[in-house]
Amino acid sequence: MSSPIDLHLHSTASDGTLDPRALVRHAHDCGVRTLALTDHDTTAGVESAAAEATLLGMNFIAGIELSADWRGRCIHVLGLAIDPAAAGLERGVQRLAGERERRAVEIARRLDAAGAPGTESLRRIREQTSLPTRTHFARLLSELGAARSMAEAFDRYLGQGCPAAVRSDWPALAEAVSWILDAGGIAVLAHPLRYKFSAGARRELAREFKTLGGAAAEVVCGGASPAQIEQAASLVLRTGLAGSVGSDFHDPRIPWNRPGRLAKLPVAVQPVWASAAFPVAPAERA
Ligand code: AMP
Ligand code: MN
Ligand code: MN
Ligand code: MN
């Protein structure tokens with residue numbers, strides 16, 4: 001179960017543990033030959049990842065994973081083949097950085113109030129990144145002994161309904177998609193089954209996403225079961241979206257999200273890389 005194409009990976013520019021160059025080398029070692037760097041709300045890692053991919057003879061896709069709001073829930077939208085310097089996207093990314101900063105300070109305050117080392121976590125996070133995520137908090141809370149694992153940190157402190165769950169003012173889905181399209185990119189709905197929606201609401205999300213100019217949704221995600229792949233395939237087939245594949249790799253210590261550890265896209269699904277807008281030589285289109 002290995003794919004030479006992986007269109008969803010994270011580096012230290014957001015909440016991954018490998019720096020962009022090391023990430024590209026690791027993906028190469030795992031057999032990946034076409035990859036997209038899709039850090040949360042930033043393209044800071046794209047330049048060095050692209051340089052490393054060129055050295056290794058890989059196809060590199062500049063990407064991003066934008067946080068967005070749909071019906072009060074946080075949705076993730078991948079932008080593939082974007083121009084990171086596009087003005088609208090840059091402004092959007094700045095706005096998201098401000099929102100993440102505001103949220104991180106509030107998370108730290110609430111963690112302190114709950115008896116967990118929030119301020120200390122945030123101090124250490126600042127030594128690692130300028131873009132704080134909940135993943136950073138979860139890692140620090142487990143390192144500082146306030147939780148036994150990152151999963152427990154989410155369950156006890158950071159997840160929905162927990163003491164340090166802070167509402168975020170993410171841009172509306174329509175805005176996030178427009179920033180990607182303005183930057184010449186392809187918009188892909190990330191991990192559509194991960195949102196807690198009814199099947200009907202999920203279809204409405206996919207339809208609205210397509211109406212806004214979205215091209216695809218992820219059908220094969222890291223660690224997905226055959227039943228989940230079938231469900232996501234049926235969603236894209238019903239809504240006329242293409243399909244994408246991505247491990248959502250963050251950390252080599254998490255085995256089910258290894259780069260390229262992905263099942264094949266079901267044959268009925270149109271691959272997003274078959275689209276003319278996708279910057280890979282047609283001969284390499286699988
Ligand atoms: P944020 O964008 O700051 O809200 O952080 C979201 C990130 O947290 C996701 O992209 C995942 O990488 C990570 N995450 C969410 N839930 C969990 C969980 N239960 N265990 C580990 N990581 C998680
Ligand atoms: Mn993440
Ligand atoms: Mn995501
Ligand atoms: Mn991701």
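Hi everyone, let's start with the metals: the manganese ion (ligand 2) and the manganese ion (ligand 3) are separated by 5.6 Å. Please keep in mind that this is a predicted model.

So what holds ligand 2? The protein donors of the manganese ion (ligand 2) are Asp15, through OD, and His40 and His250, each through NE2. These donors lie 2.1 to 2.2 Å from the ion. If you like to read sites off the sequence, the spacing of the donor residues is D-x24-H-x209-H. Two of them, Asp15 and His40, link distant parts of the chain, being 25 residues apart. Asp15 sits in the loop between S1 and H1, while His40 is in the loop between strand S2 (34-37) and helix H2 (46-56). Both Asp15 and His40 are buried.

Now over to another ion. The manganese ion (ligand 4) is 4.6 Å from the manganese ion (ligand 2). Which residues donate to ligand 4? On the protein side they are His8 (NE2), His10 (NE2), Glu65 (OE) and Asp248 (OD), at 2.1 to 2.2 Å from the ion. Along the chain, the pattern for the manganese ion (ligand 4) reads H-x1-H-x54-E-x182-D. Here too a pair of donors links distant parts of the chain: His10, from the loop between strand S1 (5-9) and helix H1 (20-29), and Glu65, from strand S3 (residues 59-70), are 55 residues apart. His10 and Glu65 are both buried.

Let's leave the metals and look at Thr129. You'll find this residue in the loop between helix H4 (118-128) and helix H5 (134-143). Is Thr129 buried or exposed? Thr129 is buried, because its relative accessible area is 12%, and the cut-off for buried is under 20%. A polar atom of the Thr129 side chain lies 2.9 Å from the backbone nitrogen of Leu131. Leaving aside residues up to four places away in sequence, Thr129 touches Thr12, Ala13, Ser14 and His136.

His136 takes us into H5 itself. How many of the residues of H5 are buried? The count is 7 of the 10, so this helix is largely enclosed by the rest of the structure. The buried ones are Thr135, His136, Phe137, Ala138, Arg139, Leu140 and Leu141. Among the elements covering them are helix H3 (87-113), H4 and helix H6 (150-158).

The ends of H5 deserve a look as well. At the N-terminal end, Thr133 acts as a cap, with a side-chain oxygen 3.2 Å from the backbone nitrogen of Thr135. After the helix comes Gly145, which has a positive phi, near 85°.

Last topic, and one for anyone thinking about cysteines: the structure holds 0 disulfides. Why is Cys162 not bonded to Cys74? Cys74 has the closest cysteine sulfur to that of Cys162, but the two are 16 Å apart, so they are too far for a bond. For Cys221 the closest cysteine sulfur is again in Cys74, at 15 Å, which is too far for a bond. As for their surroundings, Cys162 is buried, with a relative accessible area of 15%, and Cys221 also counts as buried, at 18% relative accessibility.

That's my tour. Thanks for listening, and I'm happy to go back to any of these spots on the screen.

Key
Residues are numbered from 1 along each chain as its sequence is written. Chains are lettered from A and ligands numbered from 1 in the order in which they are written. This is a predicted model: local features need pLDDT of at least 70, side-chain atom pairs count only at pLDDT 80 or more; totals for chains, interfaces and linings use all residues. Side-chain values use heavy atoms; hydrogens and water are left out. Helices (H or I, at least four residues) and strands (E, at least two) are DSSP runs, numbered from the N terminus. Buried means under 20% relative accessible area, exposed over 50%, partly exposed in between (1.4 Å probe, protein chains only). A polar contact is a pair of N or O atoms within 3.5 Å; within protein, one must be able to donate a hydrogen and the other to accept it, and residues adjacent in sequence count only if both atoms are side-chain atoms. Contact means heavy atoms within 4.5 Å. Donors are N, O and S atoms within 2.8 Å of the metal (3.2 Å for Na, K and Ca); water is not among the atoms, so sites may look incomplete. A disulfide is a pair of cysteine sulfur atoms within 2.5 Å.
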